[in-house]
Amino acid sequence: MIDQQLVTVTIDGTPVRVPKGTWLVEAAKQIKREIPVYCYHRKMGPAGLCRICLVEIEGMPKLQIACNTAVTDGMVVHTQSDKAADGRRAVLELYLVNHPLDCPICDKGGECDLQDYAMAYGQGYSRSVDPKVSKPKAVDLGPTIVLDEERCVVCQRCVRFDDMIVGERELVLKDRGVRNIIATANGEPYRHNFTGNVTELCPVGALTSKTYRFKSRPWDLRRTTTTCTQCPVGCQMHVDVRVGVVQRTMSLEDDDAISDGWLCDRGRYNVGFYDDPARVTQPMYKRDGGWVQIGWDDALDIWAAAIREACAVNPASVGVVGGGRLTNEEAFLLQHLFRAKGVANLDWRAGSQRQASPGRNGGTLVDLESCDAIVLIGESPAERAPVMDLRVRKAALQKGAKVIRIASAERPYPAPIPSTDVATVAEAIKKLPKDPKRIAIVWDGCDADFATSLLEKLPAGAQVLTYITGEQANARGAEAMGMLPFSEPGYGKAESGLDAAQMFAAARDGKLAVLSIFGANPAMYRADFARASFTAVSDLFMTETAQLADLVLPAKGPFEKTGTTTNMAGDVLPVNAAHSLETPADALSDLEMVVALAEKLGVELPVAEEVDAAVLRHLAKAPEDFTLGDARFGTSVILSPSKDPERRRKAHVEGIAFNVVVQTRVFGGGGTSAHDARIAELCPLPEAAFSPEDAAELGVNTGDYIDLVLDSVSDVVQAHHDNVGHDLLVEVRNGMPRGTIALIGGLPDSPASNLAGARVSVTNIRRAPEDAAEAIGAPA
Amino acid sequence: MPVVKVLTEGIGEANLRDIKVYRDRGGYKQLKRAFTEMKPADVQAICDKSGLRGRGGAGFPTGKKWAFLPAGVAPRYLVCNCDEAEPGTFKDRMLLEETPHQIIEGILLGAYAIESHHAFIYIRGEFKRGYEVFMDALAQARKAGFVGKNLFGSGFDLELTVHRGAGAYICGEETALLNSLEGKRGEPRLRPPFPAVQGLYSKPTIVNNVETLAYLIPILERGPEWFAAVGTERSKGYKIISISGHVQKPGNYEVALGTPVRKLIELAGGLRPGRKLMAIQPGGGSSACIFEEHLDMPYDYESLQKAGTMLGSGAIVVMDDTTDFVRAAFNLVRFFAHESCGQCTPCREGGHWLERVLHRFLENRGLKSDIEMLARVSHEITGINLCPLGDSIEPFLASVLKRFPEQFEARVARETVRA
């Protein structure tokens, strides 16, 4: 639509030069002239429904809508003429004929477009004397959203968002005329990963977040702009605080480069843990098997003494795990401190991800949109980096990119997205569009086999962009800052130390004296985790790892500290402490802890300016020589099944053994979501997914419940698990590879997280009640 | 003698639903001729030359509409609009039920003219009998080899798909029809893009009315000059008009455009004895009334436009002095409010508001200020809607408010006197 030829349009006497084809509303923005809109949205284009953007255009007898009028050269537009003003006034009066005018109890009051426009353009009274149409109030759409149908102005932004941006098409318009309402398709709960965005798209108080209803007035909120650190996308967001508590988060509409103006529900809603009573507020020391609260000075003394003693004997008996959830500055100082003590055992990789920096082929998030094909390997970006997944969807929905998934055990994309599932790299190559100009590889950073062989086989003419959707928000920053056993800050070669897996192995063999863990929970996600003789953990909560430690240090969360973080595309983004957010008095940021520990250990750290400069310098260096699955990162920590037949347990009832794939779910866990009452309802039930063929063979249907028994495992897993899963809800999933069972990792009280690579059998199948199976849509 | 028999030839005399009867009377001859002797461009040229204008309501020149199709883009579709639901209109229904082969032949000719290999017909949901008749006729035509692959050995494939509506007036609007045909909600689309550029399944699409397409047959048979010789300067040829209301012989009458209104009413048997003409709605529920003083006006597109109304679908409703114009206005406003899809605001909110106010008038509870308000609000919601439905509310209401204010005033509630 838009070409680069510039045209001049005169708006209220001011000439504006814009590319030909620009919508009039956008042209007006350039001279700060606001044309009111409800249905138009910059990311979704004109819809032509609300009719509030009426303007007078010379030479046209009727008022025109500015949203669907492309400017032409010499066009003369009046937005404030009597005729235009009268048109707007008339439309506004219509909006208020059936609007409940319940502003005093409406959450939108103070930031409502209907309120604002009625003040700016309305006539101040209504000619209507008849009763208003009544519609359902406080409609529970799903776990996150409540809808007031009477307040709705039927702009359909939410419906179009579900259609054009997310592709899930869950929200629909129902009925017609003055009785039309927003509803969910078939009355199903509204629960894709991006529902919260509709509360921001809604120009009025119709769609509201359950977490924010009746919580605050906009003018009572203190706003801070920061970066979301729930995943490696790094969406920019506003944090709104009142009475010391995070009341809500909002996207930045003009954040085109990173979030495209959207937030996922995890990032938006998982902010209620800061004031959770379970938070660690004091240093805790384990004495005689029980926890005692101690002061910071004692805690630092104990910690520093353990490190000092071990380093005196052998620095190789000291290890540090963490950094992927810290800021760049924290990760930098952390490795600086320990390297200064001669420690080389440093690794951020506390989970199953092995690599975060994509190397020379890294692309920007915006680049994804212009790819002809996007090949997904490993876990779905929908669950690991949801807002990045929105770019994948945008490329597919709006630009026709082909989405190909290799050997995916993940849920299929919603129907409007033409994704292709293949089993092998060779098939993926065959399914590529003809003469692709640009291909993106999106890899979860775990198992490298598909990624490396795909890179080798891609057609020569195409530009290849690679993306790694990791587990930890600042994994890429931690790598650049040198939290790797083989590289220094700036990816320089370092004296080689142990990686996390080797540290845990050493700990198991009694060879690791001190292990310090910063913002990581390996005990939950890794079967091979073992504590060292002395283990210190900094975290917000008593995680599975913290419970095994000797010393637990109360850390600050991401909204409580300041620094920078690096997203998956290498953008360095600000992390800002939220204004007036109440923080436990004794919590320290990891940076403050490192500084205090350095003092005790007698290590001089660089001053803040030097740190900032170093961070930028080291982040600027792209790791040119890395490629996906680079050998230096070692093999994936996913365990392979034991080869020893003695170790194999006899399969129980049904006798079919499945390879376990552990999958991330946006709301599946992590320390912060387990301690956030606001999102508890979003946490998925423990489930087990099978391919339709396997399900048929087993005789299970969607909605049934099963238990699992361990069939064969590596030595390590076996040590931990006798009971591997019970009451798992069955999902029959199309496109899944055969012989695989997909379990959700990170759920509280579910042992699945560290079962990756194990083999299990199914037992104790319980049928879903018939009506329940019908409701879920089980195959007959 | 103003009554002519072109499309209506044989209706009521022969069973035109039988393909044998239809063919014996010359049916499908023009189709064969077009496919074997003419190029698509020839058919287009003939249509253009005849001056045929769309018979669905908008009256847009058919040849000109076809010319909007971008050259060389395939596939392209022809959609026959048989979702006749304009209040007072019942001509397409008659053609559908009585002479379905004429519709099929017209569709096939139109599709050939625009080089479309897949045509659709969207039949109003309530036309159950018409649908059955049409399906039967289509089966006969298919058996005779007029629909399908390689028609008449020309190498030209042409498929015809039948779709039934589900009862929404709005789906007669061409872009809502296309949405409905695609399986979506029947809501008009924002224009541009126009259907000729991006229509059904985002492909170039022409939507033509049943009667429009049917007239292609006699135009091909007798030549464009024959058609253009009748009518007025810019309203050429014949038209089936549906006359209803207070006349003695309501029904469909095929006439030359430009026939005086008075003659049309005479055709329909005139008013009942002793009754006085009060108003005529000349072009369907969406048109403003004309009155006694317009009786000698020629019934054509330009004259009606000049009189502030329109020819529309050619549905004439005659109202005599027994008419309650408040009730009539309420009836039409309620219809439009009920049929509003509700996606755009003036039509959704305005229509319903006016309906509520008029309903109060029916109960003799009008307010004095309402009379002016009815006129103003109905005017304010006009011209700013996404589709023409919202603009259809004002014309009738405004014209009767102006002509018969006393009928409204009589329904204003008497002032309550407080003790």
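B:Arg164 sits in strand 3 of chain B, which runs over residues 159-164. This is a predicted model, and in it B:Arg164 comes out as partly exposed, with a relative accessible area of 31%. From there, this briefing goes on to another arginine, in chain A, then to the place where the two chains meet, a helix of chain A, and a few backbone oddities.

**Around B:Arg164**

- Leaving aside residues up to four places away in sequence, B:Arg164 touches B:Ile123, B:Gly125, B:Lys128 and B:Tyr131.
- One of these neighbours, B:Gly125, also makes a polar link: its backbone oxygen lies 2.9 Å from a polar atom of the B:Arg164 side chain.
- B:Tyr122 is 42 residues away from B:Arg164 along the chain, yet the C-alpha atoms of the two are separated by 5.6 Å.

**Another arginine, A:Arg438**

- Over in chain A, A:Arg438 belongs to strand 21, residues 438-443.
- Is A:Arg438 buried or exposed? With 19% relative accessibility, A:Arg438 counts as buried, because the cut-off for that label is under 20%.
- The side chain of A:Arg438 has a polar contact of 2.5 Å with the side chain of A:Ser370, and another of 2.7 Å with the side chain of A:Gln463.
- Not counting residues up to four places away in sequence, the residues that A:Arg438 touches include A:Asp367, A:Cys371, A:Asp372, A:Ala373 and A:Leu465.

**Where chain B meets chain A**

- How many residues does each chain bring to the contact? Chain B brings 36 and chain A brings 37.
- About 2,800 Å² of area is buried between the two chains, and carbon and sulfur atoms give 52% of it.
- Three residues stand out on the chain B side: B:Trp353, B:Arg356 and B:Ile384 supply 22% of the area that chain B buries against chain A, more than any other three residues.
- Four salt bridges turn up across this interface. In one that involves B:Glu380 and A:Arg127, the closest N and O atoms are 2.9 Å apart.
- There are also 20 residue pairs in polar contact across the interface, counting pairs with both residues at pLDDT 80 or more.
- Helix 13 (325-339), helix 14 (345-362) and helix 15 (368-380) of chain B each supply at least two residues of the side that touches chain A.
- Which element gives the largest share of that side? Helix 14 of chain B does, with 10 residues.
- Sorted by class, the side of chain B that touches chain A has 15 nonpolar, 10 polar and 11 charged residues.

**Helix 14 of chain A**

- Chain A has its own helix 14, residues 500-508, in which A:Ala500, A:Met503, A:Phe504, A:Ala506 and A:Ala507 are buried.
- Those buried residues cover an arc of only 160° around the axis, so they lie on the same side of helix 14 of chain A.
- What do they pack against? Their partners in chain A are strand 16 (318-322), strand 17 (345-347), strand 23 (514-518) and helix 15 (522-525).
- The N-terminal end of helix 14 of chain A is capped by A:Asp499, which has a side-chain oxygen 3.1 Å from the backbone nitrogen of A:Ala501.
- After helix 14 of chain A comes A:Gly510, with a positive phi near 75°.

**Backbone oddities**

- Most residues other than glycine have a negative phi, and most peptide bonds are trans. The cases below go the other way on one count or the other.
- The peptide bond from B:Arg191 to B:Pro192 is cis, with omega near -5°.
- The bond from B:Pro192 to B:Pro193 is cis too, with omega near 5°.
- B:Pro192 is placed in the loop between helix 8 (174-181) and strand 4 (205-209) of chain B, and B:Pro193 is found in that loop as well.
- B:Ser202 lies in the loop between helix 8 and strand 4 of chain B, and has a positive phi of about 65° although it is not a glycine. At 47% relative accessibility, B:Ser202 counts as partly exposed.
- In chain A, A:Ser580 has a positive phi, near 60°. A:Ser580 is located in the loop between strand 27 (572-575) and helix 17 (590-601), and is partly exposed, with a relative accessible area of 40%.

Key: Residues are numbered from 1 along each chain as its sequence is written. Chains are lettered from A and ligands numbered from 1 in the order in which they are written. This is a predicted model: local features need pLDDT of at least 70, side-chain atom pairs count only at pLDDT 80 or more; totals for chains, interfaces and linings use all residues. Side-chain values use heavy atoms; hydrogens and water are left out. Contact means heavy atoms within 4.5 Å. Buried area is the accessible area (1.4 Å probe) that two parts lose on being put together, summed over both. A salt bridge is a side-chain nitrogen of Lys or Arg within 4 Å of a carboxyl oxygen of Asp or Glu. A polar contact is a pair of N or O atoms within 3.5 Å; within protein, one must be able to donate a hydrogen and the other to accept it, and residues adjacent in sequence count only if both atoms are side-chain atoms. Helices (H or I, at least four residues) and strands (E, at least two) are DSSP runs, numbered from the N terminus. Ala, Val, Leu, Ile, Met, Phe, Trp, Tyr, Cys and Pro count as nonpolar, Asp, Glu, Lys and Arg as charged, and the others, Gly among them, as polar. Buried means under 20% relative accessible area, exposed over 50%, partly exposed in between (1.4 Å probe, protein chains only). The arc is that of the directions from the helix axis to the C-beta atoms.
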